[in-house]
Amino acid sequence: MKKTFLIALMLSAFIPSLVAQNTILVSGKAELSIVPDEVHLLLTEKEYHQIDFKGKIFVDYGDYSSNIVFDQSLFDSTLPDAKFQFKVGDKVYEGKKKDIKYTLVDIATLEDRVIRAADKAGLSKDDINISELGDYWRWRNAPYLVSKQYDIKLTEPAQLTKFISALDKQGVALMSFGEMKNKEMDQYDRKGRVQALGDAREKAAYMVQTYNGTLGEPQQIVDGNMPVMTTVVQPRMLKSAAMMNDMVTEEAMDAGGASLESLNTFPLIKKTYNVSVIFTAIYK
């Protein structure tokens with residue numbers, strides 16, 4: 001009987017403290033903007049035809065952006081006096097086979113342009129990797145054209161400006177930023193998680209205080225997800241007008257509203273950190 005009384009007494013003392021001590025689950029978030037020290041520029045070059053018709057120069061990219069429509073006889077006939085016509089927009093040009101010089105600017109020529117532009121920007125061949133190679137899709141019965149994608153490593157913003165200025169834009173089909181790195185990324189990740197934990201504690205504290213409670217120690221911490229990296233630059237297909245030598249505008253690359261020539265710094269790496277924390281909450 002005495003033992004039963006002691007157990008009941010102990011429970012009566014423990015239950016109020018158990019009821020008075022609860023937990024609160026909150027999430028915390030932090031965002032960091034990080035300046036990269038290594039940026040990869042993705043560049044796709046595509047073969048095209050340069051057309052010289054009686055001194056008039058036209059460029060045929062052979063895709064949806066081309067406004068040149070050829071009579072199939074241009075490709076079928078090999079006779080120098082064979083007649084043909086082609087349209088550029090609403091204007092029709094007529095002549096003989098011998099009047100037109102239809103020259104393929106091949107992928108080897110385009111690759112040489114990339115290497116020469118890279119050299120002028122102070123880059124080496126080791127900074128250029130071929131990430132993709134293949135035939136481009138056919139358009140309007142035109143010949144198949146070959147495309148090649150380059151991954152160009154840049155370590156200084158000045159290299160980007162010099163490379164773009166030196167590059168012949170004819171043949172450029174796509175340009176975008178790829179992977180971006182920072183040597184101190186582990187330290188930034190640590191900082192981001194610490195800030196996310198601070199955000200969670202601050203949030204939990206004012207929520208508990210609203211009910212005259214006291215925030216206790218964390219009981220469980222969950223890293224919500226691996227840090228998610230996002231960049232401000234997304235790929236954009238160039239229009240045919242954007243492939244001309246004197247063109248460097250927002251058509252070349254969308255960088256938060258800025259053109260390539262206005263980029264005197266690299267785009268920022270944006271990373272988001274999320275945590276979930278269970279705190280002890282004590283209410284009077």
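Here is a short chat about helix 3 and some salt bridges in this predicted model.

Visitor: Let's start with helix 3. Which residues are buried there?
Guide: In this predicted model, the buried residues of helix 3 are I107, L110, R113, V114, A117 and A118. They lie on the same side of the helix, because they cover an arc of only 130° around its axis.

Visitor: And what is exposed on the other side of helix 3?
Guide: That would be D119 and K120.

Visitor: How far apart are the end C-alpha atoms of helix 3?
Guide: They are 20 Å apart, which agrees with the span expected for its 14 residues, 107-120, at 1.5 Å a residue. Just after the helix, G122 has a positive phi of about 80°.

Visitor: Switching to salt bridges, how many are there?
Guide: The count is ten. One of them involves helix 3: E111 pairs with K148, with the closest N and O atoms 2.7 Å apart. K148 is in strand 10, so the pair ties together parts that are 37 residues apart in sequence.

Visitor: Are E111 and K148 buried or exposed?
Guide: E111 is partly exposed at 23% relative accessible area, while K148 is buried at 8%.

Visitor: Which distant parts of the chain does the E38 and K181 pair link?
Guide: E38 sits in strand 2 and K181 in strand 11, 143 residues apart. Their closest N and O atoms are 3.7 Å apart. E38 is buried, at 17%, and K181 is partly exposed, at 35%.

Visitor: What about K29, which residue does its side chain meet?
Guide: K29 forms a salt bridge with E31, at 3.6 Å from N to O. K29 is partly exposed at 46%, and E31 is exposed at 55%.

Notes. Residues numbered from 1 in each chain as written. Predicted model: local features only at pLDDT ≥ 70, side-chain atom pairs only at ≥ 80, totals over all residues. Heavy atoms only, no water. Helix = DSSP H or I, 4+ residues; strand = E, 2+ residues; numbered from the N terminus. Expected span 1.5 Å × (residues − 1). Buried < 20%, exposed > 50% of the residue type's maximum accessible area, 1.4 Å probe, protein only. Arc of directions from axis to C-beta. Salt bridge = Lys/Arg side-chain N within 4 Å of Asp/Glu carboxyl O.
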